[in-house]
Amino acid sequence: MEDQMAGDEGFSFEILKNGNPANIVFKAVPTGHEFSSLLAAILNLDGIGKNLPDEMLSRRIQNLRGNIELKSYISLTCTNCPEVVKALNVITILNQNIRNEIIDGGIFCEEIEKLNIQAVPTVYANGQVLHIGRSSLGELLEKLETLVGSNFQASSEISNFDVVVAGGGPAGVSAAIYSARKGFSVALVAETIGGQVAETVGIENMISIAQTTGKELSANLKKHLQDYPVHIFDNRRIASSEIVDGIKYITTTSGEKFSAPALIIATGASWRRLGVPGEKEYMGSGVAFCAHCDGPFYKGKKVVVIRGGNSGLEAAIDLSNLASHVTVLEFLEELKGDQILQDKLKSMSNVEFIPGAATTAILGDGSKVNALQYSEIATGESKTIVTDGVFVQIGLISNSSVFKDMVDTNRMGEIAIDAHCRTREAGVYAAGDVSVVP
């Protein structure tokens, strides 16, 4: 490794392999969560590491067009940042036309303020925003392919199995393991192993395990899965599905095709969006979804948390230790979260609760959020809150759209199943958060 003091710009160092630059630069002191990113990069350069992609993904990376300059803005307190940094470092290692700078916003404050970055990780590619927030190698690769183009050509071959499991969360992993134990040939196709649970910092409601984290649980799920002859195809996003003569087919965004007589849909759920004016426009510039990751950007500032369920209350409690004032907006007339969280929230002197409020717009000055508009449900009166940030915590929506022509769903997109997880289509099953089971 080679380090330097870059004048007023701060400390930085570059990783070398056999004296040659590896195109990975840390403009940071990678302690805390980011130490694992540094360690993974060093191992990956020698072809070692569980995070290295399979042959197909490697070919996609190598077929990205042109030169790409990546800048990954991170915080050392961010639990999502290391996974993004590791993924971009892998892409950099496998394609010599790519360079990645990992920049600590806590050191390079002027740069953060100039770009008006209010959420991490924020990734720039060739001078424009590529991605904000948690992500996977597969998603980042897709975005780079869209940005710069690709020479990759997918094979026309179809991979045939007895069972295909779509999704890699607890339900998908469980389904794959049970199927493999019955002697079936099984393919698990997923964006990530762990699914939505990987985003959870603390888990305290799993029977027999007093406390764990989403990262630890996801790692254990993958380890358990690897004890069986399951073919794992992670970092894939399913683009389409169909049934022909009773055989189920799914196709990924990269063109890979899988078929089986039995399909188990366990694609889980994703964060719901408000769908109000300003939400999309100020994503990453005042609109956030992860209080743990982005909370430090709002130290001494005013923030609003939308909804008073468990996620909202936990976010408000976390933010109360950083922000000068926290306002919790709840659509109903009372909080919905667990009583233990409500009691803790009420002990916070800088937290305010507004019931019966429907968010109507997020306002800003063109570069960042400065207010939120809501309507009182009882009176219809419109009111405005001056705020520096809005944390959206309104629950989840099922990831079932790819299968909508194959199964029945309710208004929330949850797939209708019977007591045996069967859908209306023979040989198609659903499990976990994507289904109607509470």
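A residue counts as buried under 20% relative accessible area, as exposed over 50%, and as partly exposed in between. Aspartate 418, at 33%, is therefore partly exposed. This is a predicted model. Two topics follow: one helix with a buried side, and the salt bridges, which number 14.

**Helix H1**

- Helix H1 spans residues 35-45.
- Its buried residues are Ser37, Leu38, Ala40, Ala41, Asn44 and Leu45.
- These residues sit on the same side of H1, because they cover an arc of only 165 degrees around the axis.
- An α-helix has 3.6 residues a turn, so residues three or four places apart point the same way.
- The cover over the buried residues of H1 includes strand E2 (11-17) and strand E3 (20-27).
- Helix H3 (81-94) is also part of that cover.
- Glycine 47 comes just after H1 and takes a positive phi of about 75 degrees.

**A salt bridge between strands E3 and E5**

- Lysine 27 pairs with glutamate 101 in a salt bridge.
- Their closest N and O atoms are 3.9 Å apart.
- The pair links distant parts of the chain, 74 residues apart.
- Lysine 27 belongs to strand E3, and glutamate 101 belongs to strand E5 (residues 98-104).
- Lysine 27 counts as buried because its relative accessibility is 12%.
- Glutamate 101 is buried too, with a relative accessible area of 10%.

**A salt bridge between two loops**

- Arginine 236 forms a salt bridge with glutamate 256.
- Here the closest N and O atoms are 2.7 Å apart.
- Arginine 236 lies in the loop between strand E11 (230-233) and strand E12 (238-244).
- Glutamate 256 lies in the loop between strand E13 (247-252) and strand E14 (257-260).
- The pair therefore ties together parts that are 20 residues apart in sequence.
- Arginine 236 has a relative accessible area of 3%, so this residue is buried.
- Glutamate 256 has a relative accessible area of 14%, so this residue is buried as well.

**A partly exposed pair, and a network**

- Aspartate 418 forms a salt bridge with arginine 422.
- The closest N and O atoms of this pair are 2.8 Å apart.
- Arginine 422 is partly exposed, at 42% relative accessible area.
- Elsewhere, Lys27, Lys71, Arg99 and Glu101 are joined into one network by salt bridges that share partners.

Technical notes. Residues are numbered from 1 along each chain as its sequence is written. This is a predicted model: local features need pLDDT of at least 70, side-chain atom pairs count only at pLDDT 80 or more; totals for chains, interfaces and linings use all residues. Side-chain values use heavy atoms; hydrogens and water are left out. Buried means under 20% relative accessible area, exposed over 50%, partly exposed in between (1.4 Å probe, protein chains only). Helices (H or I, at least four residues) and strands (E, at least two) are DSSP runs, numbered from the N terminus. The arc is that of the directions from the helix axis to the C-beta atoms. Contact means heavy atoms within 4.5 Å. A salt bridge is a side-chain nitrogen of Lys or Arg within 4 Å of a carboxyl oxygen of Asp or Glu.
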